[in-house]
Amino acid sequence: MAKQLLLGDEAIAQAALDAGISGVYAYPGTPSTEITEYIQHAKQAEEGNVHRCWSANEKTAMESAIGMSYAGKRALVCMKHVGLNVAADPFMNSAITGANGGLVYLIADDPSMHSSQDEQDSRYFAKFAFIPVFEPSNQQEAYDMTYDAFDLSEKYHIPVMIRVTTRLAHSRAGVERKPVRSQNEIKLCENKKQFILLPGNARVFYRELLAKQPKLEAEAETSKYNQYIDGEDKSLGIIASGIAYNYLMENYTGKKCPYPILKISQYPIPVELVTKLTNTCKTTLVAEEGYPLIEEQLRGLLNKSGNIKGRLDGTLPRDGELNPNIMAVALGLENTFGMPVPEIVAPRPPALCKGCPHIDTYKALNEAMEQYGPGKVFADIGCYTLGALPPYNAIYSTVDMGASITMAKGASDAGLRPAVAVIGDSTFTHSGMTSLLDCVIENTPVTVLILDNFTTGMTGGQDSHAYGKIAQICEGLGVDKAHIHVIKPLPNQHEINTKIMKEELAYNGLSVIIPMRECIQTIGKKKK
């Protein structure tokens, strides 16, 4: 295809459209803003009905994208580096849930603080979360990497970060496009537990994330974006990442650099290529935009004496907490773990309290959802998360505080019908109101259940900020009053509650249902 003259941001936007995204989610922040604006004005996005409205904040943007990925479609999330701080909760947890449809996080860093309050380097977040990173050195790579990132995400079922900096985002170059890919069809995960981060599930998924690391490292070792370029003068070897490679090569325009160069633009760091360079060269210069991430690791990567032991070499377990027995084994002392727990001792999973109002809510919801099948109810963090367990099996996600509404929104944007969110009264005021506002702005077809038990039940019964205010808050945010229902979750109200839920599930717009009954535990405390 003919070349187009594009900003780095525009190249990323065009690549995402060509890769078949179904939605872009973002909050404006320089130097990332132009990506979403380009998609908002693109005829290609309009014709493909790509979701392209701004989100209330970076956190809701990321959660909506996770919801779209949950539904099997490709989503792009855009923000500047400090916005990633706001979205850190879903960012970290999404590495453990993994991705279904391709999920790409575009983070634009701002060295020298041209329009920012700090210089933080987002690669550290990616390393922290164990997810792969692309760092383009020019606009063509920005396009190619974005296009490829969705494939990598779906290959390993993991979110992928693309990290750019201000100069690349806001400079232009010719970019050659790739063939346009069709959008994914809706396809839910085969493992219905994948997005339910109850501790028992999360421990398994975390080990699976760790097991992916050698494969991601192998991808980096053979990546076309990581190149070893030999040179005659071995007195110096140069490692250059991202746009720093561009800065390096500008000093050798029209001639060959005499020193061996390792260009790194895909992470994890390719250890074998780094070792090859440092074993060959007397001195190594590391050039990277932002913090010394590669340099810090380089100083540790090459210690092959065997004098450093710990979690990385298996002396201590890679996951889970330590304890005196584990330390004893590591020190060569007596193993005092004792006998394993016999199989006859059955595990006793947590359960909703007898008389809990959430029980009657889930019974009504399950009956209302019967005709639609499983996988369409998104929940949140609270004691109502136990609705994921038998005998209810009513919910299919628990990612982070406030994610239920925005994940349901993203799935609805992807075309999933119905999309239902279940959130508690305290979580709603913590971080659900902005999510609901995103739904209000677009009148997204989502049915939101705000379970009002008058307290923050899971953490000990603290007062809820939403006490007696939820309906007014929802109306104040712009929810149509005709579609706000306060119900009483009791057995004798089951039929009417189910009827209301069925009616709102069929409504092609936003609705809120507020099951309202006091927590059985706080009632008991008051009696005492």
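## Cysteines

There are 0 disulfides in this structure, which is a predicted model. For orientation, a disulfide is a covalent bond between the sulfur atoms of two cysteines. Cys53 is a clear case of a cysteine without a partner: the closest cysteine sulfur belongs to Cys439 and is 12 Å away, so the two are too far apart for a bond. With a relative accessibility of 32%, Cys53 is partly exposed.

Cys519 is in no disulfide either, and its nearest cysteine sulfur, in Cys383, lies 6.3 Å away. What about its surroundings, buried or exposed? Cys519 counts as buried, because its relative accessibility is 11% and the cut-off for buried is under 20%.

## Helices α1 and α2

Let's turn to the start of the chain. Helix α1 is mostly covered, and 11 of its 11 residues are buried. That list takes in charged side chains as well as nonpolar ones: Asp9, Glu10 and Asp18 are buried residues of α1, and so are Ala11, Ile12 and Leu17. Just after α1 comes Gly20, with a positive phi of about 90°.

In helix α2, which spans residues 33-40, the buried residues are Thr33, Ile35, Thr36, Tyr38 and Ile39. An α-helix has 3.6 residues a turn, so residues three or four places apart point the same way. Which elements do the buried residues of α2 pack against? Their partners are the helices α1 (8-18) and α3 (43-47), together with the strands β1 (3-7), β2 (21-26), β3 (74-80) and β4.

## The loop around Met113

Met113 sits in the loop that runs between β4 (103-109) and α7 (123-129). Its relative accessible area is 39%, so Met113 is partly exposed. Setting aside neighbours within four places in sequence, Met113 makes contact with Asp118 and Glu119. There is also a long-range relation to note: Thr166 is 53 residues away from Met113 in sequence, while their C-alpha atoms are 9.3 Å apart in space.

## A parallel sheet

Farther along the chain, 5 strands build an open sheet with parallel pairing, in the order β13-β14-β15-β19-β18. The edges are taken by β13 (377-378) and β18 (484-487); each has a single partner strand, so one side of each lacks a neighbour in the sheet.

The partner of β18 is β19 (residues 511-515), and 4 bridges join the two parallel strands. One bridge pairs Val486 with Ile514 of β19.

## Pocket and cavity

Rolling a probe the size of a water molecule over the atoms shows where empty space is left. The second largest pocket has a volume of about 430 Å³. Its lining consists of 21 residues, and those nearest the centre are Ala99, Asn100, His157, Cys189 and Gln194. By class, the lining of this pocket divides into 7 nonpolar, 9 polar and 5 charged residues. Helices α6 (88-97) and α10 (199-221) each supply at least two of the lining residues, and α10 gives the most, with 4.

How many cavities of 30 Å³ or more does the structure hold? There is 1, and the largest cavity has a volume of about 50 Å³. The lining of this cavity is made up of Tyr70, Leu188, Cys189, Asn191, Lys192, Gln194, Phe195 and Tyr396. Sorted by class, these residues are 5 nonpolar, 2 polar and 1 charged. Cys189 and Gln194 appear in the linings of both the second largest pocket and the largest cavity.

Definitions and conventions: Residues are numbered from 1 along each chain as its sequence is written. This is a predicted model: local features need pLDDT of at least 70, side-chain atom pairs count only at pLDDT 80 or more; totals for chains, interfaces and linings use all residues. Side-chain values use heavy atoms; hydrogens and water are left out. Buried means under 20% relative accessible area, exposed over 50%, partly exposed in between (1.4 Å probe, protein chains only). Contact means heavy atoms within 4.5 Å. On a 1 Å grid over the protein atoms alone, a cavity is a set of points where a 1.4 Å probe fits but cannot get out, and a pocket is an open set with protein on both sides within 12 Å along at least five of seven lines; lining residues have an atom within 4 Å of a point. Grid points are joined across faces, edges and corners, and a volume is the space filled by probe spheres set on the points. Ala, Val, Leu, Ile, Met, Phe, Trp, Tyr, Cys and Pro count as nonpolar, Asp, Glu, Lys and Arg as charged, and the others, Gly among them, as polar. A disulfide is a pair of cysteine sulfur atoms within 2.5 Å. Two strands pair if DSSP finds at least two bridges between them.
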